[in-house]
Structure formats: C-alpha cells, structure tokens
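Welcome, and thanks for opening your viewer. Shall we take a walk through this structure together, one selection at a time?

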Amino acid sequence: MRFPILALASTVMFLTNFASAVQAEFYEGKQITVVVNYGAGGSTDVLARLVTKHLEKHIPGSPEVVVTNMAGAGGIVATNHMGEVAKADGLTLAFFGTPFMQYALQDPALTVDLSRFVWLGGFGQPTLCFIRKDAGTGAGVESVDDLLEIGEFKLGGYRATSSTDIRMRLGLDLLGASYKHVTGYRSSAKVLAALLQNEVSYSCGSVTLYRKSFEPNLIEPGLATPLWYYSLVDAEGNPVRDPRLEGIPTFIDVHERLKGERPSGILFDSLTAVNNIAVTMLRGVFLPEGTPDEAVEALRTAWSALSEDEEFISDFMSLADEPPSLLSGAEARERLDSLGNLDPEIVAFIKEYAIQE
C-alpha cells in the first residue's frame, strides 16, 4: 500500500505547485485596483488600505495593488460600478462597506444583484454610538442618563436605507429620544467634520472608526461622550457581550437602565435583524461575476493567509484595539443569503420606516 500512497501524495503536491504556478503567471507584472465605496480617510478606506498593504504580500505573482475611492449614495455608486462597469478580468477588487440593507430593502438606487458577485470574504465589527456633550438644550450630556432630558438633537447619517442610519434611528426611537435625522454625508470623514462643526450631535461608527477617528477627535478632548454599542443578540433576546468593549454598555443595557425593561416589539425585532447581519459582516470583499478561476483562487489564498499574518494582525490591533474578525468567502456569502430569510413582516416594516422622517 505504500507505493499508491506515495504516488497520491506526489500527485497532490504536483497539482498544488501547478496551481500556484498558474496563479503566479496570471498576476505577474499586473496591477490590481481595489475599489472602496466610501471617501478617502473614512473607516472603510483606512481598513482597505491596511488590508491591501498586507494582502499584496500573499498574492502569487506579486502584482502591484492600488486603492481608489468611489463614494456616493451610501456606497451604492461603487456597488453598481462593480456590477455594470468593472471588467471581470481579476484586476478589480471591491473592499466595501457592504450595502446589504439597501439590497434587502430593494433600494431602487441599487441596480445590481449582490449575490452575483464572487465573494472572497469580509470583516465583522460592533457599532458604537456617542453624542456631543452640548447636544440639544446644551445643558450638558455627561452620561447616557442625560439623553432623554436634553430635548431635540441632530443625528448625522449616510443614507436613509443604510444599516447605520436605520440602527441609529431604531435605537433612539426605542428609547423615546427626540431627534432630527440629517443624512446624506458621503463618508465618515464628513460625519466627523459635521460633528466638529456642531452641525449634528449624534452618530455611530464601527470600532475601527471609533478608535481611529471619533475617540481622539471627540471623546478624548471632552467634546462628546460614548453611549452604547450595538451587540449581537442571541435567540433569547440577550446581548452577546464583546470582551473587547468592556466598560461600554450594550444598547440593551441602556434600554433597561432608562426604560426599566428589555426592549421588545417590532422596533427591537427590526433592530436585531439588521444589526446581527451588520455586526457579523460590516465590510465585504468581492470580485465581478465571471472573474477567471485562477484569479479567484489566487486572491482567496491571499485572503486566507491574512488570518495567519502576524504583522497584519498586529497592525490591525494598533488601529482598532482588537484582533480582526475575518470571514471566509463562504461565510460572507452565507451572511448575504441570510437576507432572504428575514421575516417578511420585518422587511416590510423597515422599508416603510426607512423613508419616514
């Protein structure tokens, strides 16, 4: 039996080396463009550039990798570009703040089918919320306990149908806070500018965005105070606490504190449905439909290598103060497919809710 086993091992090794050689030949001397669907300086852009820096080390053939930004319509402009304009030649890769909520709600601005893309993977992160201390009446917001006593304040968002805007509004409505929804900011950098100029007072962002941008510019100087983070919610409606965010309450904790009970009803069911997908796949990485197999396999191999890349993990932790939560292509596709399993009543409610002001 020894000789067949040795022969099989030799065959597997040959095929593996052959596949690597084909992938290297495909990318040798070429340039890959990574498209980011938000503006320069925002959290999606910063994370994309960090990933790109390390991803290119693992791509056979050592192609040059460059990043370009294509902001607009809450990430939809670039998404449509990837499905309708970008060539399926293996040289255009998307690193997006995934517009999955617009996809689930059939936003007419989104004219492509996300399920048709070739998914390489994704990132998951919780979302943290905060408010300027002079919000509302200006009497002072020192903690979440003051939120319901300050009168109306302005919420800074991206697009009415984005998961960030919907979750921000659902949370505030569940608490009974008084606010005005101001949306249409093209990037987190523009939201930050609006917060610093006091155009808006309240917003939310990923852990990466919070640590890199909002915390040093708003929290540490004493201009704003953190409120809560939106955690995963289990089947019993309990928050799944993130040990990396110890000291910051979950939204459910805050609701119990301010309202004396756990949140419930269609608002909370909708918040849970949207948030559980957002937290597990806040960013998505994919290629146009029809991309050559050798390109797909080369990039999937490179993406997988990131989970073992100690330099990448260290750089990511320096940026976000937490290790990366990487999804495989199969896991990212599973998250996308789960949108089809959303309760039709919840989908119908959110569709109506998203356009209400």
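Helices (H or I, at least four residues) and strands (E, at least two) are DSSP runs, numbered from the N terminus. Please keep in mind that this is a predicted model, in which local features need pLDDT of at least 70 and side-chain atom pairs count only at pLDDT 80 or more, while totals for chains, interfaces and linings use all residues. Residues are numbered from 1 along each chain as its sequence is written, and side-chain values use heavy atoms, with hydrogens and water left out.

**Stop 1: the whole chain**

Start with everything selected. The protein chain holds 13 helices and 13 strands. Its radius of gyration is 22 Å, close to the 21 Å that the globule rule gives for 357 residues, so the chain is as compact as a globular protein of that length. Here the radius is taken over C-alpha atoms, and the rule is 2.2 Å times the number of residues to the power 0.38. Along the principal axes, the C-alpha atoms fill a box of roughly 80 × 40 × 40 Å.

Now colour by burial, where buried means under 20% relative accessible area, exposed over 50%, and partly exposed in between (1.4 Å probe, protein chains only). Buried residues account for 52% of the 357 residues.

**Stop 2: two domains**

Colour 30–124 together with 281–345 as domain 1, and 127–278 as domain 2; these bounds come from an automatic or database domain assignment. The domain centres, taken over C-alpha atoms, are separated by 25 Å. Where the domains meet, 31 residues of domain 1 are in contact with 23 residues of domain 2, contact meaning heavy atoms within 4.5 Å.

**Stop 3: strands β1, β2 and β3**

Select residues 31–36 for β1 and 64–69 for β2: these strands run parallel and are joined by six bridges. Two strands pair if DSSP finds at least two bridges between them. To see one of the partnerships, show Q31 with E64 in β2. Add helix α2 (residues 43–55), and you have a right-handed β-α-β unit made of β1, α2 and β2. Right-handed means that, with the strands pointing away from the viewer, the path from the first strand over the helix to the second runs clockwise.

Next, bring in β3 (residues 92–97), which is parallel to β1 and joined to it by four bridges. Show V34 and you will find L93 of β3 opposite; V35, in turn, stands opposite A94.

How many of the six residues of β3 are buried? Six of the six are, so the strand is largely enclosed by the rest of the structure. In a regular strand the side chains alternate between the two faces of the sheet. In β3, T92, A94 and F96 are buried on one side, and L93, F95 and G97 on the other. Finish here by selecting β12 (residues 283–287), which runs antiparallel to β3 and shares four bridges with β3. G97 has R283 as its bridge partner in β12.

**Stop 4: two loop residues**

Go to A73, in the loop between β2 and α3 (76–84). Its phi is near 55°, a positive value in a residue other than glycine, and A73 is partly exposed at a relative accessible area of 30%. Then move to Q106, in the loop between α4 (100–104) and β4 (118–123). Q106 also has a positive phi, near 55°. Is Q106 buried or exposed? At 60% relative accessibility, Q106 counts as exposed.

**Stop 5: around T208**

Select T208 in helix α7 (residues 207–219). T208 is buried, with a relative accessible area of 1%. Leaving out residues up to four places away in sequence, T208 touches Q125, F316, L319 and A320.

**Stop 6: helix α8 and G237**

Select α8 (residues 251–259), whose buried residues are F251, I252, D253, V254 and H255. What do they pack against? Their neighbours are α5 (163–175), β9 (224–230), β10, β11 and α9 (265–280). Just after α8, look for G260 with its positive phi of about 80°.

Last, find G237 in the loop between β10 (232–233) and β11 (239–240). With 18% relative accessibility, G237 counts as buried. Leaving out residues up to four places away in sequence, G237 touches I252, R262 and F268. Draw a C-alpha to C-alpha distance from G237 to R262: 8.6 Å in space, for residues 25 apart in sequence.
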